[in-house]
Amino acid sequence: MGKKVVFTLFICFIIASAVPSKGKDDDGGRNVKLLFAFGDSYADTGNLPSVSVSWKTPYGLTFPGEPSGRFSDGRVLTDYIASFFGVRAPLAYRRIKNFDAKSVVQNGINFAHGGSGVFQTLSDLPNMTTQIDFLQQLVEKNVFSTHDLSSSIALVSVAGNDYGAYLARNGAFQGLEGFSRSVINQLMSNVRRLNSFGIKKIFMTGIGPLGCLPQSTASNSYQNCNAALNNFSMSHNQLLEQNIFHLNSEAASPVFSYLDLYTSFLSALGGVPNRLKPCCIGGCGGVDKNGEKRYVVCEDVSRSIFWDSIHPSDSGWGAVFSALRESMQTSLV
Ligand SMILES: *[C@@H]1O[C@H](CO)[C@@H](O)[C@H](O)[C@H]1NC(C)=O
Ligand SMILES: *[C@@H]1O[C@H](CO)[C@@H](O)[C@H](O)[C@H]1NC(C)=O
């Protein structure tokens, strides 16, 4: 399972001991009190079991200074979003023992599981439907009041694990566009469900430029992004944006917001020397039989956008988020 998790494309990540967010609160008094996160490793803050690399050195190197279950040397998207709204990052669902303890769930809950998708991926992880079922069970038990839910926002991350699994199963791009429609249709029914619980704002990530991930550029020494994969990312995003537009036009207010990770990644990557090269190279977090590291860590991770072959670094997410922030502010007006 550890191995599978390592190789499952995209997404994974701490002890949800509510890692305090470092950023300045700037939600502009929007009165958001709880954050619920769903999806994959770009959002996960510790839902995977301890065999996952996200719980191994050197993950967590920068923050909090030890592995925390996040697929980063530090913070991930959820931490930046929480900070933006001035709330604490919610605890990871799997780390919560007692859901009746108000103090434990007062910031919301993170249901995201690294490696998961809208559909079943290669590992046996809770897909997004199951993650939403977890919340529904808690809502039915009145762990969250109507008032709690109406002062909540949700982050829904789909970074591409469904496509990674599709390509691994089929070995080819053939049929991928059709599969993309199924992914988005399922995603739309998922977020409708979230809205039916009364969550007031739902942020949905687009896919980043998959062709720029270190795993796509390693073969050319991290020099050039793969145009075909980036085209595919753009076509997924275009379809997603159209669907979000329709969903909002059916709703009384614009509940659903698109987070343009594609453009934000490209802007974060612009102008950074050696920008496509990850900091942790090799089987990051892995050791061989003799306990020797199978990876090499760069000298200054704060200069890297990517941490490992799939995931941004703490400062990489910072750069991506500063590009996202502007569009988030617009969508909240
Ligand atoms: C999600 O997982 C559950 C449990 O494995 C499965 O029954 C369901 O069909 C899956 N849903 C989707 C949309 O793949
Ligand atoms: C990517 O899309 C552009 C514009 O649609 C097209 O010109 C280009 O040939 C595509 N590249 C690949 C490798 O598919």
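The shell around ligand 1 is made up of two nonpolar residues, five polar ones and no charged residue, in what is a predicted model. Its members are Val-118, Phe-119, Gln-120, Asn-127, Thr-129, Thr-130 and Gln-186. Three of these residues bring a polar side-chain atom to an oxygen atom of the ligand: for Asn-127 the separation is 2.3 Å, for Gln-120 an N or O atom of the side chain stands 3.3 Å away, and for Thr-130 the corresponding value is 3.4 Å. Considered by itself, ligand 1 exposes 360 Å², of which the protein buries 47%.

Ligand 2 has its own set of neighbours, namely Ala-227, Ala-228 and Asn-231. Here a polar contact is supplied by Asn-231, whose side chain places an N or O atom 2.3 Å from an oxygen atom of ligand 2. Taken alone, ligand 2 exposes 360 Å², and the protein buries 26% of that area.

From the ligands one can step back to the chain that carries them. The chain contains 11 helices and eight strands, and its C-alpha trace spans about 50 × 40 × 35 Å along the principal axes. Is the radius of gyration in agreement with a compact globule or at odds with it? For 333 residues a compact globule would have a value near 20 Å, and the chain has 18 Å, so the two agree. Of the 333 residues in the chain, 55% are buried, while the chain as a whole exposes about 13900 Å², with carbon and sulfur atoms supplying 51% of that surface.

Charged pairs are the next feature to follow through the fold. Side chains of opposite charge can pair when their charged atoms come close. A search of the whole structure returns five salt bridges, among them the one between Asp-79 and Arg-70, in which the closest N and O atoms are 2.7 Å apart. Both Asp-79 and Arg-70 are buried. Another of the salt bridges joins Asp-314 to Arg-75, with 2.9 Å between the closest N and O atoms. This pair links distant parts of the chain, since Asp-314 belongs to helix α11 (residues 314–332) whereas Arg-75 sits in the loop between β1 (34–39) and α2 (77–84), 239 residues apart. Asp-314 and Arg-75 are likewise both buried.

A further salt bridge is formed by Asp-133 and Arg-193, whose closest N and O atoms are 2.6 Å apart. It too connects distant parts of the chain, with Asp-133 in helix α4 (residues 128–140) and Arg-193 in helix α7 (residues 176–196), 60 residues apart. How is Asp-133 classed by its accessible area? Because its relative accessible area is 28%, Asp-133 counts as partly exposed, the class that lies between the limits of 20% and 50%.

Ser-116 offers a view of side-chain to backbone contacts. This residue is placed in the loop between β3 (108–110) and α4, and with a relative accessible area of 3% it is therefore buried. A polar atom of the Ser-116 side chain lies 2.9 Å from the backbone oxygen of Gly-39, and a polar atom of that side chain is also found 2.8 Å from the backbone oxygen of His-113.

The backbone itself has some less common geometry. Most residues other than glycine have a negative phi, and most peptide bonds are trans. Against that background, the peptide bond from Thr-57 to Pro-58 is cis, with omega near 5°, and a cis peptide bond also joins Phe-63 and Pro-64, where omega is about 5°. Pro-58 is located in the loop between β1 and α2, and Pro-64 is found in the loop between β1 and α2 as well; that loop also holds Arg-75, the partner of Asp-314.

Positive phi angles appear at two residues that are not glycine: Ser-221, with a phi of about 55°, and Tyr-222, with a phi of about 60°. Ser-221 is in the loop between α8 (214–217) and α9 (227–250), and Tyr-222 is likewise assigned to the loop between α8 and α9. Is Tyr-222 buried or exposed? Its relative accessible area is 17%, so Tyr-222 is buried, given that the class requires a value under 20%.

Notes
Residues numbered from 1 in each chain as written. Chains lettered and ligands numbered in written order. Predicted model: local features only at pLDDT ≥ 70, side-chain atom pairs only at ≥ 80, totals over all residues. Heavy atoms only, no water. Near = heavy atom within 4 Å. Polar contact = N/O pair within 3.5 Å; in protein donor to acceptor, adjacent residues only side chain to side chain. Areas by Shrake-Rupley, 256 points an atom, 1.4 Å probe, with all protein chains shown as cover. Nonpolar A, V, L, I, M, F, W, Y, C, P; charged D, E, K, R; others polar. Salt bridge = Lys/Arg side-chain N within 4 Å of Asp/Glu carboxyl O. Buried < 20%, exposed > 50% of the residue type's maximum accessible area, 1.4 Å probe, protein only. Helix = DSSP H or I, 4+ residues; strand = E, 2+ residues; numbered from the N terminus. Rg over C-alpha atoms; globule rule 2.2 N^0.38 Å.
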